[in-house]
Amino acid sequence: MDASLTQIAVYLAAAVIAVTIAQRLKLGSVLGYLAAGVVIGPWAFGLISKVDQVLHFAEFGVVFLLFIIGLEMQPRRLWALRRSILGLGGLQMVLTTVVLALFLGWALALSPAPAFAAGVSLALSSTAFAVQMLAERGEMATRHGRAGFSILLFQDLAVIPILAILPLLSVGQSQLSIIGGLEKTGTATLVIVGLIIGGHYILKPVLRVVAATRMQEIFIAMTLLIVVGTSAIMQAVDVSLALGAFTAGVLLADSEYRHELEANVDPFKDLLLGLFFVAVGMSINLGLFLERPFALIGLTVALMVIKGVALALLGRRYGLRWRATRNLGAYLSQGGEFAFVILSTAVADDLLARPEADLLVAVVTLSMVLTPFAVKASSWLNKRLESPDSQARMYDTPVDSEHAVIIAGFGRFGSTIARLLRAKRIGFTALDVNPEQVDFVRRFGGEVYYGDASRVEMLRAARADRARVLVLAMDDPEVSLTTIQVVQTHFPGLKIVARARDRRHAYQLIEYGVTVFHRETFRASVALAGDVMQALGYGGEEVERTNRTFRRYDEARLREHHQLADDAARQARLDRAAIAELEEQFERDEAAYAATSSDTRTRTRMRQASKS
């Protein structure tokens, strides 16, 4: 007991001292925890020796972190990220695995199977490091934050089939072992499905019963039971503990107890996550710096460069700006904690020799240590590449007002809305991220502030808690969706009306629960089509009737078909059917109009005949 108490005191003292110094130096808490681990670990002062046991226990910090993220990720938000998870995440795994396997095969003289095992292990990034740093800097809701989280989530899912594939690559494995690996994959899939179904129908009713006791300590115990119990189930079928906790969090994201659950888990998460980083620091094999310094440093730099470049290129392919792609590459350039599991499995299956596996474990650990520096370098580079004006310009602080309306985006769309509101003496607070636009409007007496509406701090400064309506009029659909997430999380009573840039953006708005929106070119296009008909000789009444029918029909189909936005083939079939149906509607309207006109002419002739 005395030894255990001494070790706990050592952990706490090292963390307090190292993190305080790191924060003073503006290096971030993660680097402080890592430094504390290096100092007390077996390769420095040797105050702690059983690193594997500590690291295994400290993984619960990652588990609690993913549970809290799941609580904030409602199912419809997760569904909205499906393309990023499967598309961006899948491409990242394939591209980085192939490139790293080729590079490691050349650098370490590995045959194809061991090279693949090494490449796929290093293709995984650290969920704990990336998410913690994104959260510390308030960047989880940014475009690179959402893209990074999608990639990390796909990687957690990919661990299951990776562990099943490894036995297939080993020449010495029997057919029975291969079948066993496939059976484990099937079992894991069934357990995840069962967890989703059981969690949906069991967890919420049980929470209501526990909450009815009105005993805070019992509710805390229930919260811990959910996280630990889910992790135990996942561990039994060789699935990522963190993935199980994330699934449980998503299932409870719509629960009325979501905030209470988060408050209960948060203290445990922070403490155990700090312990995880300390354990990673302790596991750094400083002996390899003396034995193979050039190999260790060279492979680490190569790993971070390859992953950073691959992530930047994929980010550009998915529409991210260069600033966001640089951030994405910096945050996810390290190896991940699952590499330890995959490399140890590869050694057990005789795919990798122990010396190469130990070297790669050291590379992963060193890349984690260097990640905070990579993030700071990315931030410095972004500032250097920005214009001097944008570097010096700070966001405005809106005046203390209680306007009922906030307009996010003051370009050609938002300014038109503002002019109409001003004509009706309706007060509003306008925000825009374009400093030139803000300065131009202010020269003409407009009340608009330079600020990013997707930042919760800016919305609070604009008194979003007192406003009634938020108008989303910005150009960038992704920023629009990010702002919706922030508002729904922090200002649920604020009504959102939005500008939809195109039909796809309209589908996304529906998925996010926004019911009031207008496509920016739709009504103008329909009106212009009516002008074309009039120029061809059609009557004004027929043109108006045609436009009205088309608008009503298209808006109805928009809401009916939004769930098929990503199914191109089925969407095309429905569009063809919709055109045929619309033609039939026009024919029915024309027949009804003709019949009405005929009746009107008949009644007119009868009145004229009676008068004569």
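1. Let me start with strand β2, residues 428-432, in this predicted model. Five of its five residues are buried, so the strand is largely enclosed by the rest of the structure. Both faces are covered: Phe428, Ala430 and Asp432 are buried on one side, and Thr429 and Leu431 are buried on the other. That pattern fits a familiar rule, since in a regular strand the side chains alternate between the two faces of the sheet.

2. Next, the neighbours of β2. Strand β1 (residues 405-408) runs parallel to β2 and is joined to it by four bridges. One pairing to look at is Ile407, whose bridge partner in β2 is Ala430. Between β1 and β2 the chain passes through helix α19 (residues 412-423), and this β-α-β crossover is right-handed. Strand β3 (residues 448-450) is also parallel to β2, with three bridges joining them. Here Asp432 stands opposite Tyr450 of β3.

3. Stepping back to the sheet as a whole, six strands form an open sheet in the order β3-β2-β1-β4-β5-β6, with parallel pairing. The edges are β3 and β6 (516-519); each has a single partner strand, so one side of each is left without a neighbour in the sheet. From one strand to the next, the twist averages 20°. Towards the β6 end, strand β5 (residues 495-500) runs parallel to β6 and four bridges join the two. Within that pair, Ala498 stands opposite Phe517 in β6.

4. Two helices on the sheet deserve a look. Helix α19, the crossover helix between β1 and β2, lies across β1, β2, β4 (469-472) and β5, and runs at about 155° to β1. Helix α22 (residues 477-490) packs on the sheet too, where it touches β4 and β5. The direction of α22 makes about 165° with that of β4.

5. Helix α10 (residues 216-236) is a nice check on geometry. At 1.5 Å a residue, its 21 residues should span 30 Å, and the end C-alpha atoms are 30 Å apart, which agrees. The buried residues of α10 are Phe219, Met222, Thr223, Ile226, Val227, Thr230, Ser231 and Met234. Seen down the helix axis, these buried residues fall within an arc of 155°, so they line one face of α10. As background, an α-helix has 3.6 residues a turn, so residues three or four places apart point the same way. On the face turned away from the buried side, α10 carries the exposed residues Leu225 and Ala236.

6. Gly249 ties in with the same helix. This glycine sits in helix α11 (residues 241-251), and at 0% relative accessibility it counts as buried, the cut-off being under 20%. Gly249 and Val227 are 22 residues apart in sequence, while their C-alpha atoms are 8.6 Å apart in space. Leaving aside neighbours within four places in sequence, Gly249 is in contact with Phe67, Gly70 and Leu71.

7. Last, a point on Leu134, in helix α7 (residues 127-136). Its relative accessible area is 2%, so Leu134 is buried. Not counting residues up to four places away in sequence, Leu134 touches Glu139, Met140, His144, Gly145 and Tyr331. The contact with Tyr331 spans much of the chain numbering: Leu134 and Tyr331 are 197 residues apart in sequence, but 7.9 Å apart in space, C-alpha to C-alpha.

Methods:
Residues numbered from 1 in each chain as written. Predicted model: local features only at pLDDT ≥ 70, side-chain atom pairs only at ≥ 80, totals over all residues. Heavy atoms only, no water. Buried < 20%, exposed > 50% of the residue type's maximum accessible area, 1.4 Å probe, protein only. Pairing = 2+ DSSP bridges. Right-handed = clockwise from strand over helix to strand, strands pointing away. Expected span 1.5 Å × (residues − 1). Arc of directions from axis to C-beta. Contact = heavy atoms within 4.5 Å. Axes fitted to C-alpha atoms, helices over the stretch in contact; angles between N-to-C directions.
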